[in-house]
Amino acid sequence: MEIKVFGPGCKRCTQTEENVKAAVAESGVDATVTKISDMVEMAKSGIMATPAVMIDGVVKSTGAVPSVEDVKSWLGKQSGGCCCGGEC
């Protein structure tokens with residue numbers, strides 16, 4: 001699984017990266033987390049608001065800091081979990 005965290009390095013972007021890494025560690029999924037701060041790369045990926053999170057090419061969040069639980073639910077969906085992220 002490939003996870004990209006987009007942001008120029010502000011406090012909210014740093015918190016997003018920390019939350020993503022915590023969610024990956026807690027869920028035990030095999031994932032690579034990459035921080036993208038280059039504005040050209042962000043634009044190429046269609047990111048217009050930061051922080052943003054992309055998982056395997058799908059944008060999951062823009063303009064907000066997702067919680068660790070939010071990210072874990074996205075990881076469950078990506079790894080074959082149920083459609084509600086385990087909340088059923």
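Is K72 buried, exposed or partly exposed? In this predicted model, K72 has a relative accessible area of 25%, so it counts as partly exposed. This lysine is a handy way into the structure, and the paragraphs below return to it after a look at the helix that holds its partner.

Helix α1 runs through residues 11-27 and contains 17 residues. From its first C-alpha to its last it reaches 24 Å, close to the 24 Å expected at 1.5 Å a residue. The buried residues of α1 are C13, T16, E17, N19, V20, A23 and V24. Viewed down the helix axis, these buried residues fall within an arc of 160°, so they line one face of α1. K11, A25 and E26 sit on the other side of the helix and are exposed. Just after α1 comes G28, with a positive phi of about 75°.

Where do some of these buried residues end up? V20, A23 and V24 belong to the largest nonpolar core, which has 11 residues. The other members are I3, V5, V53, I55, V68, V71, W74 and L75. Four elements, β1 (2-6), α1, β3 (52-55) and α3 (68-78), each supply at least two residues of this core. The largest share, four residues, comes from α3. Another core, of six residues, lies apart from it and includes F6, M42, I47 and A52.

Helix α3 also holds S73. With a relative accessible area of 13%, S73 is buried. A polar atom of the S73 side chain lies 2.6 Å from the backbone oxygen of D70.

Charged side chains give the next part of the picture. Side chains of opposite charge can pair when their charged atoms come close. Across the whole structure, a search finds four salt bridges. One of them joins K72 and E26, whose closest N and O atoms are 3.0 Å apart. This pair links distant parts of the chain, since K72 is in helix α3 and E26 is in helix α1, 46 residues apart. E26 has a relative accessibility of 51% and therefore counts as exposed. K72 and E26 are also linked with E69 in a network of salt bridges.

A salt bridge within a single helix is seen between K21 and E17, with the closest N and O atoms 3.3 Å apart. Both residues lie in α1, four residues apart, which is about one turn of the helix. K21 is partly exposed, with a relative accessible area of 44%, whereas E17 counts as buried at 18%. In a further salt bridge, the side chains of K4 and E2 meet at 3.5 Å, N to O. Here K4 is buried, with a relative accessible area of 19%, while E2 is partly exposed at 41%.

Finally, two loops show backbone features worth pausing over. Most residues other than glycine have a negative phi, and most peptide bonds are trans. What kind of peptide bond joins T50 and P51? The bond is cis, with an omega of about -5°. P51 is found in the loop between α2 (39-44) and β3. On the other side of that strand, the loop between β3 and β4 (58-62) is the place of D56. Although D56 is not a glycine, it has a positive phi of about 50°. At 41% relative accessibility, D56 counts as partly exposed.

Notes
Residues numbered from 1 in each chain as written. Predicted model: local features only at pLDDT ≥ 70, side-chain atom pairs only at ≥ 80, totals over all residues. Heavy atoms only, no water. Expected span 1.5 Å × (residues − 1). Buried < 20%, exposed > 50% of the residue type's maximum accessible area, 1.4 Å probe, protein only. Arc of directions from axis to C-beta. Core = buried A, V, L, I, M, F, W, Y, C linked by side-chain atoms within 4.5 Å. Polar contact = N/O pair within 3.5 Å; in protein donor to acceptor, adjacent residues only side chain to side chain.
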